[in-house]
Amino acid sequence: MSDSPLVEVKGLHFSRGEKSIFAGVELQIPRGKITAIMGPSGTGKTTLLKLIGGQLTPDVGRVLIDGYDVHALSRKALFTLRRRMGMLFQSGALFSDLSVFENVAFPLRVHTELPEAMVRDLTLMKLQAVGLRGARELMPAELSGGMARRVALARAIALDPDLILYDEPFVGQDPISKGVLVQLIKKLNQALGLTSIVVSHDIQETLSIADYVYVIADGQVMAHGTPDGLDVDDDPRVSQFVHGEPDGPVPFHYPAPEYFDDILNQEGLQ
Amino acid sequence: MKRSKTMELGVGLFMLAGVLGMLFLGLRVSGLTFNMPGDTFRLEANFANIGSLKPRARVTMSGVTVGRVTAIELDPEWYDARVILELDAELEGRLARDTTAAILTAGLLGEQYIGLTVGGDPDMLADGDTIRDTQSALVLEELIQQFVSNMVSD
Amino acid sequence: MIQRVLSLGRRGCDVLEALGRSTLFLAQSAFGVPSREGWYLWLRQMHFVGVLSLAIVMVSGLFIGMVLALQGYTILVDFGAEQALGQMVALSLLRELSPVVAALLFAGRAGSALTAEIGLMKATEQLTSMEMIGVDPLRRIVAPRLWAGFVALPLLTIGFSVVGIYGGYLVGVEWLGVFEGSYWGNMQSSVAFIGDVGNGMIKSMVFALVVTWIAVFQGYDLIPTSEGISRATTRTVVYSSLAVLGLDFVLTAVMFGGFS
C-alpha cells in the first residue's frame, strides 16, 4: 500500500445560501490512522463529512478519495465508491423497520451475493465486535442511545470498508458509553487497518485516540498536528476552544446593540 | 429479510378480492356475457325516428332478449336512422323476410329497446339483410299534437 | 405595485421549480430497475397502504351506497321511476363517487402516513445513511411505496363500488321494496363496461398516481424537523384532495362531456 494519503481535500469552498461555510480548506488524511477534525459547534464539521461522502457538492475545490475525484464521478461510480466507506451518524440512523440483526446484515445483503449462512456468520461477528450479539432480535426503538450507536458502528464496518467517517460519536453519551466507544474506535482501527475520520468537539476523548488533529474554525483550518505537538496557544481561537473558555474570539454574546442602549431605549414601547 | 406469512396472505387475499370485484362489476353490474364473436349475425333496420334509442340497447322477441343494438348512424340517402342489430346466431335463417322491428319503451320513463315480431313470409332473413317493416319510436310531443288535432277536427 | 408583480413572479418560479423537481423525482423513482428484493418491499407496502386501508374504504362504501339508494328512492318515487334505482346507484358510484371518495380516503389514511414515515426517516438521517451505504433511497424506499399506492387505490376503488352497489341493494330492494329484477336489470342495461367501469378505473389510476406521488414527494422534500413533518403531512392531504377534485372535473369533462 502506498504512502499517499487516502483522502485529500483541496481548496474547498462551500456556502449555504449567502453564508460561507468553508473558504479554502486543505486536508490530508493518512492511511490506517485516526484523524480527528475538531472545532466549535456550527463550523460545519458534519457538512465537511457530507462533502467527503459526496452528498453535497462544493462550490470550488476537490475531494480525492484514493485518487478518485468524488464530485466528478457518475452516480453509479459514486455509489460503488461508497461501498468502501462507512459512516457513523450522530443519531445512529438505524433503519427503524428492521431489527438489529437485519440492520447490520443490510449492506451485506444489498452489495454481496453471499449465501444466507455466511451473511449470518459475518453479521454475528460484527455484532460480537461491538458486544451486542445478544441484542440481535431487538428493534432500534428498544435500544439506548449508546447501543444504537454501537449497532450503527457494526453496520458501518459490515462490508470491511477502507474508510470510516464518524460524525460526533461521543455526543450525548454517558461516561461509560463514551469509554466504550473510544475503545471500539481505537480497536477497530488497529484490528481492521481502517482509516478513520472522527469529527467531534469532545476534546478529551478525541485527543486520546487521534493520531493527527485538524482544528477548524471560521471556514478554515486553524491548526493541525499530532495531539502532543498541536500548538494550541498559537491562535487565540484554537486556544479558547481547546481550553474551553466561555468568552474570547468566539464571543459569548450573539451580535447585539450595546446592552446599555438596548435597555434604556424604550421608544419601541410607546 | 424476515417474511411474514399473514402479511403475504393478506395482500394475496386483497388482490384476489380486487379481481373478484372486477368480475362482479363486469358480469353482474354491466351485464357482460361471454358470447363468442361468431355466435351472432347482423341485421339492419331503417327507422324514421329512433327517439332516444342508444347503442347496446336490447333487442327482444316476445319479451325475450335475443340481441343488442351495435351501432346507430344516419343514412345519408334517405335521411333516416340506420340501426345495426346483432342477433343470436341460432335465429339466423329462421326469421321471415317480413319480420317487423318496433322501438318500444320499458315503462313510462324506462329505456328504449327494439321488439321484433315474426311475419309469415316463406323467405328468411340472412346475415346483413335489412328489415323493411319498421315502426318508429313514440315521441310524446307528436302524440299530443295528434291528440289535439283530433279533438279540433271532431 | 412593481414589488407585487416581482413577488408574484418569484412565487411562480418557485412553483415551477418544485414541479420540475418532483417530476424528476417521480421519473427517477418509478423507473428504477427492480431488484430481487424489490418485489417483497412492494408487497410490504401493499399491505400497509392497501390491506390496512381496506376497512375504512369498505365501510364508507357501504354507507354511501345505502345513502344513495335512500335519497335516490325518495326522488325517483315521485316520478314513479323507482325501478331505475339500480341504474342511478351504479352509475353515480362507478363514474364519480367510488374513484373520488376512495381517493380522498386514501389520501387521508395512507398518503399522510407515507409522508410522515418518509419524513421521519429523513429526520433521523436514515435516508442519508442509506445513501452512504451505497443504496439509492429513491429505489429502495420511494419506488415500492409509489408502485404500491398505484396498484392499491384502483383495487380499493373496485371494492368501494362493489360494496356500495350491495349497500344500495340492501336499502333499495330489501328495505324499500324495489323489485330485485329491475334493480339488477336496469343496472345491467344502462351500465357500459368500458364506458362506465373502465373510465372509472382510469380515473382511479390517475388519482392513485397523483396522490401517492404527492405523498412521497412531500415526505422526501420536507424540512426534517417536527414542524416540517406536520406541515408536510397537512400539505399532502390538502394538495391531494384538491388535485383529486380538480382532476376529476377535467377527466369527467373529457370522458363524459361529449367533447370527443
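In chain A of this predicted model, A:Arg16 stands opposite A:Lys19 in strand β2. That pair is a good place to start, since it leads us to the strands on either side. Strand β1 of chain A covers residues 7–16, and 8 bridges join it to β2(A), with the two strands running antiparallel. If you are new to sheets, here is the basic idea: strands of a sheet pair through backbone hydrogen bonds, either parallel or antiparallel.

Now step back to see the sheet that β1(A) and β2(A) belong to. Four strands of chain A make an open sheet in the order β2-β1-β4-β5, with antiparallel pairing. At its edges are β2 (19–29) and β5 (68–69) of chain A, and each of these pairs on one side only. A helix joins the picture here: α1 of chain A, residues 45–52, packs on the sheet and touches β1, β2 and β4 (60–65) of chain A. The direction of α1(A) makes about 120° with that of β1(A).

Chain A has another sheet for us to visit. This open sheet is formed by 6 strands of chain A in the order β6-β7-β8-β3-β9-β10, and its pairing is mixed. The edge strands are β6 (85–88) and β10 (220–225) of chain A, each pairing on one side only. On average, neighbouring strands of this sheet are turned by 15° against each other, direction ignored.

Let us look at the β6 edge. Strand β6(A) is joined by 4 bridges to strand β7 of chain A, residues 163–167, and the two run parallel. Within this pairing, A:Leu88 stands opposite A:Tyr166 in β7(A). Which residues cover the two faces of β6(A)? On one side are A:Met85 and A:Met87, on the other A:Gly86 and A:Leu88, and all of them are buried.

Further along the order, strand β3 (residues 34–38) of chain A is joined by 5 bridges to strand β8 (residues 195–200) of chain A, again running parallel. Here A:Ile34 stands opposite A:Ser196 in β8(A). Helix α8 of chain A, residues 236–243, lies across β3, β9 (212–217) and β10 of chain A, and runs at about 65° to β10(A).

Next, move over to chain C and its helices. The axes of α5 (residues 137–175) and α7 (residues 193–221) of chain C come within 8 Å and cross at roughly 150°. The helices α5(C) and α7(C) are therefore roughly antiparallel to each other, and their crossing is right-handed. Among the residues making the contact are C:Leu146, C:Phe150 and C:Leu153 of α5(C), together with C:Met205, C:Phe207 and C:Trp213 of α7(C). What kinds of residues make up this contact? They divide into 16 nonpolar, 4 polar and 1 charged.

One of the contact residues deserves a closer look: C:Arg145 of α5(C). Is C:Arg145 buried or exposed? Its relative accessibility is 3%, so C:Arg145 counts as buried. Leaving aside neighbours within four places in sequence, C:Arg145 is in contact with several residues, including C:Gln45, C:Glu117, C:Thr212 and C:Val216.

Our final stop is C:Leu41, which has its place in helix α2 (residues 38–76) of chain C. With 10% relative accessibility, C:Leu41 also counts as buried. Not counting residues up to four places away in sequence, C:Leu41 touches C:Arg140 and C:Pro144. Follow the chain and you will find C:Ala148 107 residues apart from C:Leu41, yet their C-alpha atoms are separated by 9.3 Å.

Definitions and conventions. Residues are numbered from 1 along each chain as its sequence is written. Chains are lettered from A and ligands numbered from 1 in the order in which they are written. This is a predicted model: local features need pLDDT of at least 70, side-chain atom pairs count only at pLDDT 80 or more; totals for chains, interfaces and linings use all residues. Side-chain values use heavy atoms; hydrogens and water are left out. Axes are lines fitted to C-alpha atoms, for helices over the stretch in contact, and angles run from 0 to 180 degrees between N-to-C directions. Angles under 35 degrees count as roughly parallel, over 145 as roughly antiparallel, 65 to 115 as roughly perpendicular and the rest as oblique. A crossing is left-handed if the near helix is turned anticlockwise from the far one by less than a right angle, and right-handed if clockwise. Contact means heavy atoms within 4.5 Å. Ala, Val, Leu, Ile, Met, Phe, Trp, Tyr, Cys and Pro count as nonpolar, Asp, Glu, Lys and Arg as charged, and the others, Gly among them, as polar. Two strands pair if DSSP finds at least two bridges between them. Buried means under 20% relative accessible area, exposed over 50%, partly exposed in between (1.4 Å probe, protein chains only).
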